[in-house]
Amino acid sequence: MTVYLPIAELSVNIFIILGMGAAVGFLSGMFGVGGGFLITPLLIFYNIPPVIAVATGASQVVASSVSGAITHFRRGTLDMKLGTVLLVGGLAGATVGISIFSWLRRVGQLDLFISLLYVLLLTTVGILMLNESVRALRRSARNEPPVAKRPGQHIWVHRLPFKMRFKRSKIYLSAVPILVLGFAIGVLTSIMGVGGGFIMVPAMIYLLRIPTNVVVGTSLFQIIFTTAYTTMVQAATNYSVDIVLATILMVAGVIGAQYGVRVGQKLRGEQLRALLALLVLAVGIRLAIGLVVAPEDLYSVSVGGFAD
Amino acid sequence: MLTRLCYLLATAFLTTATPTAGQVPLGEASAVEEGLEIGTSTSEIAITSDFRGADLTVFGALTNADELFLAIGQYDVIVTLEGPRDYATVRKKERVLGIWMNTASMTFEQVPVSYSLASTREIDAIDEAPSLNSIGVGINHLALTPTGFLGNAVNLSEFREAYRRLKLANGLYQRDTSGVRFVSSSLFRASLRLPANIPDGIHTVHAYLFKGGELIVQQELPLRVVKTGLEQAITDAAHNRPILYGLACVLIAVITGWGASLIFRKD
């Protein structure tokens, strides 16, 4: 059964889109990630124009992050103040990101840039995660206790000015690195259509030394609003959010996520992280191959033009 | 007798038959000017949610056709369906530091986004290239004028060729050199295929009548391709009320996410 996507202006098989949404939802539920970094490349592999894949991917992340954020809010593991500072950076980053996005689209380098960013981020994050989880797996095999964290230790981040007190997180931290992190994630959200949790969570834990229990909830808070904002701005400037595609993906995604969560609970943390690392690496490598293998056709044509 | 029959049939097929000027003898007393009448099976194509392309039938009739030329098959018809015009940008990839990236591009001025052609025979056998070029009939004869021309002629023909090849490959440009068939000696039927990815907007059906390799008369009719119902409403909203549209997307996302957490709650 085909369904016509009014913004992408093409007919797609609804079952393939449902399957994609459910599969990515399942994985995102299992690993506790937003899934934007999977859905956008998958849509591009299925010949959805990258412009639309990115903008629609961002709206899908909103849906998959909402239920998680609600849970964390109820449990009190969401630091509103910290989240708001992150969000201020995020909104500024998304605004800058969208102008970069529109400019790249105009000069015809958008597709390449999206692929390059994905390859760079996915392979880096994938290798780091794999490395870390393999070490953790070895440690637990030898029954060694995990390396103790030293929360009291001061690093350069703590010497920055404009310090703020975050009561819920029980930390006293400069607003500068939080804003910078939020900004970077905002740029990534608008250009790649991801929530950015897979970068933000480790950065908050290892760089900002924010207590682990509030990290996920707070990052979800920032992700919801940044992706929602990106969806709005993409819709307003590039007319590239396909509501039909987004709805199919979201519905399939949230259902898939519920089953993913159940499977995820049966697996151990290190194993989960190792699997996620492999998945991230696989997507990155697949995109990298696309960049270096000679294309079937050296030429491409796009409607509309910019007489520049 | 035959001409009269044609007239009868033509009026039966056509709803909007315009009076022809063919009745008035011009020049020599024996030579009457041929007329051409066309009508389409529909004046509107609707893109529905399960749209997979459509077929358009164009009926046509020759009036005042010369019996002798008819008998020896010297009349040829080309029917085209031209989509809305827009700029088109062709980009070329080259390997840079091991990565394939777009390095050169050329933008063509106002070319039809879609183009479907049917003819009685190979169009290059109907008329010579220069005259087809001058009227812009045929995929290889459409005017492809680069904006702000730069580069050399080799480059230009290379990009033009790539443009035609890509458009043919994605189905937006099509040709069927046996798509026009005479159902009687002066009545013809042309079948044009509209691809699933056809753009919406005002399309134009053109019919060209050639006599002995020379264009003698042409006709055109508009054809509207419209998105229907929900599809149209969504496109309109996305372009005319983008903020509200974006808000709706976000709202759907929030409801979906929240709804799922309510439905699947384990307590």
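**Exercise 1. Confidence along chain B**

Task: In this predicted model, determine which elements of chain B have the lowest and the highest mean pLDDT.

Solution. Step one compares the elements of chain B: helix H1 (residues 2–13) has the lowest mean pLDDT, 46, while strand S7 (residues 115–119) has the highest, 92. Step two turns to the stretch of residues 1–30 of chain B, where the pLDDT is below 50. Beyond near neighbours in sequence, this stretch has 37 contacts in the model. Step three considers chain B as a whole: its mean pLDDT is 81, and 85% of its residues reach 70 or more. For the complex, the predictor gives an ipTM of 0.83 and a pTM of 0.75.

**Exercise 2. The overall form of chain A**

Task: Establish why the radius of gyration of chain A agrees with that of a compact globule.

Solution. Step one takes the chain length: for 308 residues, a compact globule would have a radius of gyration near 19 Å. Step two sets the value of chain A beside it; chain A has 20 Å, and therefore the two agree. Step three adds the extent of the C-alpha trace, which spans about 60 × 45 × 40 Å along its principal axes. Step four concerns the interior: 49% of the 308 residues of chain A count as buried. Among contacts between residues at least 6 apart in sequence, 80% join residues at least 24 apart. As for secondary structure, chain A has 10 helices and five strands.

**Exercise 3. The side of chain B that touches chain A**

Task: Find which element of chain B gives the most residues to the side that touches chain A.

Solution. Step one counts the participants: the contact takes 48 residues from chain A and 52 residues from chain B. Step two lists the elements of chain B that each supply at least two residues to this side, namely strands S5 (85–96) and S6 (99–112) and helices H5 (153–169), H6 (229–240) and H7 (242–263). Step three identifies H7(B) as giving the most, with 16 residues. Step four divides this side of chain B by residue type: 28 nonpolar, 15 polar and nine charged.

**Exercise 4. A sheet across the two chains**

Task: State in what order the three strands of the open sheet are arranged.

Solution. Step one gives the order as S5(A)-S5(B)-S6(B), with antiparallel pairing. Step two names the edge strands, S5 of chain A and S6 of chain B, each of which pairs on one side only. Neighbouring strands are turned by 25° against each other on average, direction ignored. Step three examines the pairing between the chains: strand S5 (residues 299–303) of chain A joins S5(B) over five bridges. In S5(B), B:Lys92 stands opposite A:Tyr299, and B:Ala88 is the bridge partner of A:Val303.

Key. Residues are numbered from 1 along each chain as its sequence is written. Chains are lettered from A and ligands numbered from 1 in the order in which they are written. This is a predicted model: local features need pLDDT of at least 70, side-chain atom pairs count only at pLDDT 80 or more; totals for chains, interfaces and linings use all residues. Helices (H or I, at least four residues) and strands (E, at least two) are DSSP runs, numbered from the N terminus. The radius of gyration is taken over C-alpha atoms; the globule rule is 2.2 Å times the number of residues to the power 0.38. A residue is buried if 20 or more other C-beta atoms lie within 10 Å of its own, exposed if 12 or fewer, and partly exposed in between; C-beta atoms are placed from the backbone. Two residues are in contact if their C-beta atoms, placed from the backbone, lie within 7 Å. Ala, Val, Leu, Ile, Met, Phe, Trp, Tyr, Cys and Pro count as nonpolar, Asp, Glu, Lys and Arg as charged, and the others, Gly among them, as polar. Two strands pair if DSSP finds at least two bridges between them. pLDDT is the predictor's confidence in each residue, from 0 to 100. Axes are lines fitted to C-alpha atoms, for helices over the stretch in contact, and angles run from 0 to 180 degrees between N-to-C directions.
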